[in-house]
Amino acid sequence: MTKYYNLQTQTYVSPRPQVYLPSDPNLSLTSFLFHSTRSTSYSTGIIDADSDETLTFQQLRVQVSKLAYALLKLNVAKHDVVLIFAPNSIYFPICFLAIVSTAAIASTCNPAYAIFELSKQVKDYLIESSSEVSDLPVNDVKQNDIAALFYSSGTTGISKGVILTHRNFIATSVMVTADQDRNKEPKNVFLCFLPMFHIFGFAVTTYSQLKRGNTVVSMEKFELEKMLRNVEKYKVTYLFVVPPVMIALAKQSLVKKFDLSSFKVIGSGAAPLGKDVMEECTKNLPHIDIIQGYGSTETCGIISIENPRESTCLSGSTGMLVPGVQSQIVSVDMSKPLPPNQLGEICLQGANMMQGYFNNSQATKLTIDEQGWVHTGDVGYFNEKGQLFVVDRIKELNKCNGFQVAPAELEGLLLSHPEILDAVVFPFPYSKAGGVPIAYVVHSPDSSLTEEDVQKFIVEQVKDLPAFILNAFKQMCEV
C-alpha cells in the first residue's frame with residue numbers, strides 16, 4: 001500500500017491533506033459562501049467585464065437577499081424549480097444564489113437554445129410544488145436538499161438533469177480551493193468566460209472562488225483578443241479554460257501583444273489535453289504555470305487537479321485526486337478493479353458526487369452502482385506516482401487488433417506539431433483489425449506539411465507513451 005493506493009481495496013485516494021466540511025446540517029451553499037467571506041466583505045467580489053459593474057461581497061449579499069425575498073413574494077417555494085435562461089453576467093450568480101437560498105432548485109441552460117430545446121428541458125420540471133413560504137430565505141434549507149439541476153450528457157449521450165445538493169457545492173468549493181489555502185496564496189483574480197450554465201463555469205470558476213474571497217471577472221462569451229485585453233485590464237491571476245482555448249494560447253501570436261504579467265496559472269479541463277500542447281503553451285507563456293484538471297457535472301465539477309508547487313506539471317496527467325475523493329479503475333471488459341498503469345473506467349466516491357439523474361431512475365442505476373461508485377464513462381489510469389491520466393470516453397474507444405486506441409490520445413499528439421492547427425481522429429472500419437484510426441488535420445497556411453511528414457512525426461512521438469498504450473499503437477501500425 002502506498003499513500004495513494006490501497007492494495008487490499010484496490011482503491012486510489014488523495015495524497016493531499018484532509019479537508020473538513022461544515023457539519024451544520026442547516027446550511028445552504030449561499031450562507032456558507034457569505035459566512036466564509038465575512039472578513040472580506042468590503043473587497044471586490046465580482047466584476048462584469050462587459051458592463052464594468054462591480055460588487056463587493058457585502059453588495060453581492062444585499063443583492064442576493066433582495067432577490068430572494070422578491071422570489072418569496074412570487075410564491076417561489078421549497079422544491080420549486082427556477083430556470084436561469086441567461087448568459088454570463090454579474091447577475092447570473094446573484095440569481096443562482098438567491099434561488100437556492102429560498103430552498104428552491106436552480107436549473108441552468110444554454111441561452112442559445114432554440115424553443116424546442118428549451119421546451120424539452122422545461123418539461124422535466126412538471127412536479128407538484130408547495131405554496132408555503134418560509135419567513136427567511138435560508139431558514140428551511142438543509143445541506144442535503146437539492147440545490148441545482150445542471151444538464152449533462154453523462155455516459156449515454158442523452159442530456160439529463162444532474163441532481164446536485166447544497167452539500168455537493170460546499171464540498172466542491174472546499175476541494176477546489178484547498179491548494180490555494182495550503183499554499184497561503186493571497187486573494188486571486190479569476191476570469192470566467194466559461195459558461196456559467198455549465199458546472200465548470202459556475203461551481204469551479206465562480207462559486208468556489210467567490211467562497212474563498214477571490215475576485216471573479218465575468219465575460220459574456222469567449223473571444224481571444226477580448227479575453228487577453230481583460231487579463232491585462234483586471235490583472236487576472238488565474239484562468240480556467242477548455243482545450244481549444246489552450247491550443248489558441250499555444251499557437252496564436254496575438255498572445256504576445258498584451259501584458260499578461262499578472263498571470264500565475266492557466267488550468268485546462270472538460271476534455272483531455274496532451275502534454276505536448278501544454279509544452280507549446282509554456283513556450284508562448286513561459287512565466288505561467290500550465291496545469292490540467294478533471295471533473296464532470298456528475299461530480300459537481302472536480303475530481304483531480306495538478307498543483308504546480310508540489311508536483312511536476314506538463315506530464316499530460318490531470319493531477320492527483322482532490323482531498324475527499326477516492327477512485328477505482330475498473331476493467332472495461334472484466335468489470336474488476338485494476339492496479340496502477342492499467343487502463344479502465346474511472347469510478348468515484350466523495351461528498352461532491354451527484355445524487356442521481358432527475359426523473360430518470362434507469363440512467364441513475366446505470367451510473368451509480370450498488371456500492372455507491374459513480375461510473376464516469378471515461379477511460380484512464382493512475383501511474384505509480386498517483387497521477388490520473390484521462391484518455392478518452394469509453395464510447396469513443398477504437399478497438400484495433402484487440403487493443404483499445406483512444407482518438408483523443410492521437411489528436412493530442414497531432415496537435416503537438418507546431419504546423420498543425422487542428423486535428424480530428426475517428427475509426428475507419430477494417431475487417432482485419434476491427435477499426436483503423438483515421439486523422440484529418442488542418443495545417444498552418446504557410447506549411448508544406450505532407451501526409452508522410454505527419455506519419456513520421458507520430459511514430460517518433462509514441463515512443464514516450466506508457467508501455468500498454470505504446471503496444472496498442474504498434475499493433476495499429478502493423479495493419
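This briefing covers a sheet, the helices packed on it, two nonpolar cores and one buried glutamine. The structure is a predicted model. Its open sheet has 9 strands with mixed pairing, and its largest nonpolar core has 73 residues.

**The sheet**

- The strands follow the order β4-β3-β10-β9-β11-β12-β13-β14-β15.
- β4 (54-56) and β15 (320-321) stand at the edges with a single partner strand each, so one side of each has no neighbour in the sheet.
- Strand β3 (residues 44-48) runs antiparallel to β4 and is joined to β4 by 3 bridges. In this pairing, T44 stands opposite T56 in β4.
- Strands of a sheet pair through backbone hydrogen bonds, in either a parallel or an antiparallel way.

**Helices on the sheet**

- Helix α2 (residues 57-73) lies across β3 and β4, and runs at about 95 degrees to β4.
- Helix α6 (residues 199-212) also packs on the sheet, where it touches β3, β9 (189-192), β10 (215-218) and β11 (238-241). The direction of α6 makes about 155 degrees with that of β9.

**Nonpolar cores**

- In soluble globular proteins, nonpolar side chains tend to be buried together.
- Within the largest core, the residues with the most contacts are M227, L249 and I266.
- Helix α8 (residues 243-251) gives the largest share of this core, 6 residues.
- The core lies between domain 1 (5-391) and domain 2 (396-474), because both give residues to it.
- Beyond its neighbours up to four places away in sequence, M227 touches L191, F193, M219, F222, L239, V245 and L249.
- Another core, of 46 residues, lies apart from the largest one; V82, V162, V174 and C192 are among its residues.

**Helix α1**

- In helix α1 (residues 29-36), the buried residues are L29, T30, F32, L33 and F34.
- Elements that cover these buried residues include α2, α3 (91-101), β7 (146-152), α5 (166-182) and α6.

**Glutamine Q143**

- Q143 sits in the loop between α4 (115-122) and β7.
- Its relative accessibility is 4%. Buried means under 20%, so Q143 counts as buried.
- A polar atom of the Q143 side chain lies 3.0 Å from the backbone oxygen of P22.
- Leaving aside neighbours within four places in sequence, Q143 is in contact with P22, S23, D24, P25, L27, T165, H166, R167 and I170.

How values were computed: Residues are numbered from 1 along each chain as its sequence is written. This is a predicted model: local features need pLDDT of at least 70, side-chain atom pairs count only at pLDDT 80 or more; totals for chains, interfaces and linings use all residues. Side-chain values use heavy atoms; hydrogens and water are left out. Two strands pair if DSSP finds at least two bridges between them. Helices (H or I, at least four residues) and strands (E, at least two) are DSSP runs, numbered from the N terminus. Contact means heavy atoms within 4.5 Å. Axes are lines fitted to C-alpha atoms, for helices over the stretch in contact, and angles run from 0 to 180 degrees between N-to-C directions. A nonpolar core is a set of buried Ala, Val, Leu, Ile, Met, Phe, Trp, Tyr and Cys residues joined through side-chain atoms within 4.5 Å. Buried means under 20% relative accessible area, exposed over 50%, partly exposed in between (1.4 Å probe, protein chains only). Domain bounds come from an automatic or database domain assignment. A polar contact is a pair of N or O atoms within 3.5 Å; within protein, one must be able to donate a hydrogen and the other to accept it, and residues adjacent in sequence count only if both atoms are side-chain atoms.
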